[in-house]
Amino acid sequence: MSKITREKFKTYKDVFDEFAIRTLFKLSSQGYFDDPEQMSPVSIGKESNVFWAKRGDTKVILKIYRLETCDFNRMYDYIKYDPRYTGLKKHRRKIIFAWVQREYRNLLKARQAGVRVPTPYTFLNNVLVEEFIGGKDAAPKLKDQVPRNKKKFFDELVSQIKKIYNAGLVHADLSHFNVLNHEEKPVIIDLSTCTPLDTPTSAEYLTRDVRNICNFFAKYGLKTDLEKTIKKISSQKV
Ligand SMILES: Nc1ncnc2c1ncn2[C@@H]1O[C@H](COP(=O)(O)OP(=O)(O)O)[C@@H](O)[C@H]1O
Ligand SMILES: [Mg+2]
């Protein structure tokens with residue numbers, strides 16, 4: 001990496017450490033996106049920072065977990081119940097890398113089941129590369145853009161949750177923060193907490209997810225029924 005590049009990255013010194021920079025350059029050199037110096041911030045969160053970058057004529061999303069300041073205790077509290085990660089040691093880096101890999105695997109599984117989630121492209125260390133949802137700008141979150149047809153959006157969202165369920169997963173952190181309103185249709189994001197149905201806490205997660213969504217739409221005057229909605233999601237496929 002040239003000195004100039006390092007200089008430029010100083011702009012992001014709160015966001016990236018040397019390790020993340022190396023990871024980003026590797027991903028870029030593998031062709032997952034064009035120029036690491038042209039990344040634009042979408043969201044700076046507590047746990048991760050989300051950027052978009054160009055890849056030819058399209059854009060990709062880079063979700064970069066903060067190695068030093070993310071709350072890996074919270075991550076561990078979720079991942080320790082996931083049967084795919086039993087035996088994972090409570091070691092900061094190991095947990096963060098497993099967390100990124102888990103998000104990738106969940107997205108892939110959901111995508112294969114036909115759920116409207118960003119297509120995952122790859123992951124490396126603490127960085128996940130996935131499809132950019134939006135047009136010129138990133139699509140707004142449901143909380144920031146209430147759908148025009150609430151009933152239609154709600155029903156569509158419930159059918160997406162059911163597809164995730166049929167794929168053997170539950171999101172576990174679903175709310176109006178983790179649903180994008182893309183051209184009046186839901187896209188579910190942030191599948192890092194998403195866990196298999198044979199996780200001991202999965203029923204509790206499903207209830208919480210559905211309650212969050214029902215409450216959000218109820219605030220805008222839609223009649224929602226928590227019990228019925230949960231039944232609809234968890235009933236047998238026809
Ligand atoms: N694939 C995507 N396309 C467009 N915007 C995205 C995408 N993924 C994330 N975002 C934006 O970045 C924000 C943070 O991403 P998220 O995955 O929810 O991480 P966290 O909640 O852990 O910060 C989202 O609320 C959304 O605004
Ligand atoms: Mg989120």
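Glu 184 counts as partly exposed in this predicted model, with a relative accessibility of 24%. Its place is in the loop between β7 and β8, and its backbone does something a bit unusual to look at: Glu 184 has a positive phi of about 70° although it is not a glycine. Asn 125 tells a similar story. This residue is not a glycine either, yet its phi is positive, at about 50°. Asn 125 sits in the loop between β4 (120-124) and β5 (127-131), and at 24% relative accessibility Asn 125 is partly exposed.

Next comes the metal. The magnesium ion (ligand 2) is held by two residues, Asn 178 through OD1 and Asp 190 through OD, at 2.2 Å. Asn 178 belongs to the loop between β6 (169-170) and β7 (179-182), while Asp 190 belongs to the loop between β8 (185-188) and β9 (195-196), so the pair ties together parts that are 12 residues apart in sequence. Is Asn 178 buried or exposed? With a relative accessible area of 8%, Asn 178 is buried, because anything under 20% falls in that class.

Asn 178 also turns up beside the other ligand: one of its polar side-chain atoms lies 3.1 Å from an oxygen atom of ligand 1. The protein wraps up a good share of that molecule, covering 87% of the 540 Å² of accessible area that ligand 1 has on its own. There are 18 residues around ligand 1, and the ones that come nearest are Lys 63, Glu 130, Glu 131, Ile 133 and Lys 141. Two of these names come back when polar atoms are considered. In the side chain of Glu 130, an N or O atom is 2.8 Å from a nitrogen atom of ligand 1. For Lys 141, a polar side-chain atom lies 2.8 Å from an oxygen atom of ligand 1.

Helix α7 (residues 226-234) makes a nice example of a helix with two sides. Its buried residues include Leu 226, Thr 229, Ile 230 and Ile 233. Looking down the axis of α7, the buried residues fall within an arc of 100°, so they line one face of the helix. The general geometry helps here: an α-helix has 3.6 residues a turn, so residues three or four places apart point the same way. What covers the buried residues of α7? Among the covering parts are α5 (150-166) and α6 (202-219). The face turned away from the buried side carries Glu 227, Lys 228 and Lys 231, which are exposed. At the N-terminal end, Asp 225 acts as a cap for α7, with a side-chain oxygen 3.1 Å from the backbone nitrogen of Glu 227.

Two more buried residues round out the picture. Thr 195 has its place in strand β9 and is buried, with a relative accessible area of 1%. Leaving aside neighbours within four places in sequence, Thr 195 is in contact with Asp 82, Arg 84, Arg 102, Gly 168, Leu 169, Val 170 and Tyr 205.

Val 117 lies in the loop between α4 (92-112) and β4. Despite sitting in a loop, Val 117 counts as buried, at 3% relative accessibility. Which residues does Val 117 touch, not counting those up to four places away in sequence? They are Leu 107, Ala 110, Arg 111, Glu 131, Val 187, Ile 188 and Leu 191. Glu 131 in that list is also one of the residues that come nearest to ligand 1.

Conventions. Residues are numbered from 1 along each chain as its sequence is written. Chains are lettered from A and ligands numbered from 1 in the order in which they are written. This is a predicted model: local features need pLDDT of at least 70, side-chain atom pairs count only at pLDDT 80 or more; totals for chains, interfaces and linings use all residues. Side-chain values use heavy atoms; hydrogens and water are left out. Donors are N, O and S atoms within 2.8 Å of the metal (3.2 Å for Na, K and Ca); water is not among the atoms, so sites may look incomplete. Helices (H or I, at least four residues) and strands (E, at least two) are DSSP runs, numbered from the N terminus. Buried means under 20% relative accessible area, exposed over 50%, partly exposed in between (1.4 Å probe, protein chains only). The arc is that of the directions from the helix axis to the C-beta atoms. Contact means heavy atoms within 4.5 Å. A polar contact is a pair of N or O atoms within 3.5 Å; within protein, one must be able to donate a hydrogen and the other to accept it, and residues adjacent in sequence count only if both atoms are side-chain atoms. A residue is near a molecule or strand if one of its heavy atoms lies within 4 Å of it. Accessible areas come from the Shrake-Rupley method with a 1.4 Å probe; for residues, only the protein chains shown count as cover.
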